[in-house]
Amino acid sequence: MKLGTLPGHGRDGRLVVVSRDLAWCTDARHIAPTLQAALDRWEQAAPQLQLLATDLEHEVVPRERFHEREALAPLPRAYQWADGSAYVNHVELVRKARGAEMPESFWSDPLMYQGASDEMLPPRGAIPLADEAWGCDLEAEIVVVTGDLPQGTSREQALEAIRLVGLVNDVSLRNLIPAELGKGFGFLQSKPASALSPVFVTPDELGDRWKDGKLHGAVKVDLNGQPFGRADAGVDMTFDFGTLVAHLAKTRNIGAGAIIGSGTVSNRDPDGGPGKPIADGGLGYSCVAEVRTVETILSGKPKTPFLKRGDTVRIWMDDDKGHPIFGVIEQSVA
């Protein structure tokens with residue numbers, strides 16, 4: 001089933017079940033007022049929501065048009081947002097651009113940072129940018145939402161606790177990152193609010209696309225109306241979501257509604273080198289920093305600018321019929 005959040009009473013909106021084609025939705029507040037409330041009692045709420053989803057497909061319950069431009073983030077605020085770097089190819093390239101060596105342990109021990117979860121931007125919300133000199137970048141990623149998990153959970157337990165899957169645009173301010181990392185305390189100002197896809201989807205709805213803790217399929221990115229990235233999320237993913245969630249749970253309990261990200265989706269070229277632009281027959285990129293890194297490697301300096309005011313970013317993943325599975329994140333820099 002597919003779940004979304006529309007404006008309602010309060011900042012957390014109202015929970016709706018959305019049709020498979022994303023055209024219709026039905027109010028689910030008689031089951032749970034918000035998505036977080038449903039996640040808090042998932043064992044009881046999920047079967048009822050599934051029945052409602054079936055009734056919606058059969059058009060036997062009241063329904064309304066689902067307009068993605070009106071949707072809030074499925075979780076407008078979350079108790080936790082932790083983002084990993086499962087695509088180590090991306091980490092290696094970006095560090096190379098900064099002149100930083102990548103420790104060998106990065107291939108066996110996931111990177112992860114704690115993001116800002118008190119505001120998750122809606123899928124059509126603007127990317128607020130106060131200063132273009134900060135180097136604003138998009139990052140197209142996969143996210144999962146978990147149920148409650150105890151400290152020390154295993155990878156297998158973590159996979160069982162994944163309730164929902166979606167997309168995120170994890171906005172980064174690249175030119176603020178080096179100084180912050182230089183302090184030895186990690187990201188803060190360089191990681192502003194991120195935008196979530198219009199709907200989150202249960203893993204069973206994804207069929208063969210969800211396998212072994214990975215989402216398979218092209219994460220499509222357009223920049224200013226032009227194809228920018230078509231990297232496959234199931235390829236070159238060093239750490240699956242079970243591993244990422246278990247990594248987070250090593251020293252803490254995880255509460256229902258926690259959002260965990262994959263990091264920027266990134267594919268190597270078939271010859272083992274960095275990916276190529278779409279115009280050159282490659283799969284392109286899921287962030288600007290990566291193409292700038294490749295440009296630096298090839299020609300000594302980057303050519304592609306970071307995002308400017310008025311630039312438009314579009315992120316989605318199609319099903320086998322060419323229809324967006326999670327809806328579309330479409331944002332302009334403002």
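**Figure 1. Strands β8 and β9 of the predicted model run antiparallel and are joined by seven bridges.** Strand β8 covers residues 140-146. The model shown here, as in every view below, is predicted. One bridge links E141 to its partner V168 in β9. Strand β9 spans residues 162-169. Eight of its eight residues are buried, so β9 is largely enclosed by the rest of the structure. Buried here means under 20% relative accessible area.

**Figure 2. Strand β9 also pairs with β11.** Strand β11 consists of residues 195-196. Two bridges join β9 to β11, and the two run antiparallel. In one bridge, N169 has A195 of β11 as its partner.

**Figure 3. Four strands build an open antiparallel sheet.** The order across the sheet is β16-β15-β18-β19. Strands β16 (226-232) and β19 (329-332) stand at the edges. Each of these two has a single partner strand, so one side of each is left without a neighbour in the sheet. Neighbouring strands are turned by 15° against each other on average, direction ignored. Strands of a sheet pair through backbone hydrogen bonds, either parallel or antiparallel.

**Figure 4. Strands β18 and β19 pair within this sheet in the antiparallel sense.** Strand β18 holds residues 312-316. Four bridges make up its pairing with β19. I315 has I329 of β19 as its bridge partner.

**Figure 5. The second largest pocket has a volume of about 330 Å³.** Its lining counts 20 residues. The closest to the pocket centre are K276, P277, D280, Y285 and V291. Two elements, β16 and α7 (288-299), give two or more residues each to the lining. Helix α7 provides the largest share, five residues. By character, the lining divides into 10 nonpolar, four polar and six charged residues. Strand β16 is also an edge strand of the sheet in Figure 3.

**Figure 6. The whole protein contains seven helices and 19 strands.** Its radius of gyration is 19 Å. The globule rule gives 20 Å for 334 residues, close to that value, so the protein is as compact as a globular protein of that length. The C-alpha atoms fill a box of roughly 60 × 45 × 40 Å, taken along the principal axes. Buried residues make up 54% of the 334 residues. Strand β9 contributes eight of eight residues to the buried set.

How values were computed
Residues numbered from 1 in each chain as written. Predicted model: local features only at pLDDT ≥ 70, side-chain atom pairs only at ≥ 80, totals over all residues. Heavy atoms only, no water. Pairing = 2+ DSSP bridges. Axes fitted to C-alpha atoms, helices over the stretch in contact; angles between N-to-C directions. 1 Å grid on protein atoms, 1.4 Å probe; cavity = no way out; pocket = protein on both sides within 12 Å on 5 of 7 lines; lining within 4 Å. Points joined across faces, edges and corners; volume = space filled by probe spheres on them. Nonpolar A, V, L, I, M, F, W, Y, C, P; charged D, E, K, R; others polar. Rg over C-alpha atoms; globule rule 2.2 N^0.38 Å. Buried < 20%, exposed > 50% of the residue type's maximum accessible area, 1.4 Å probe, protein only.
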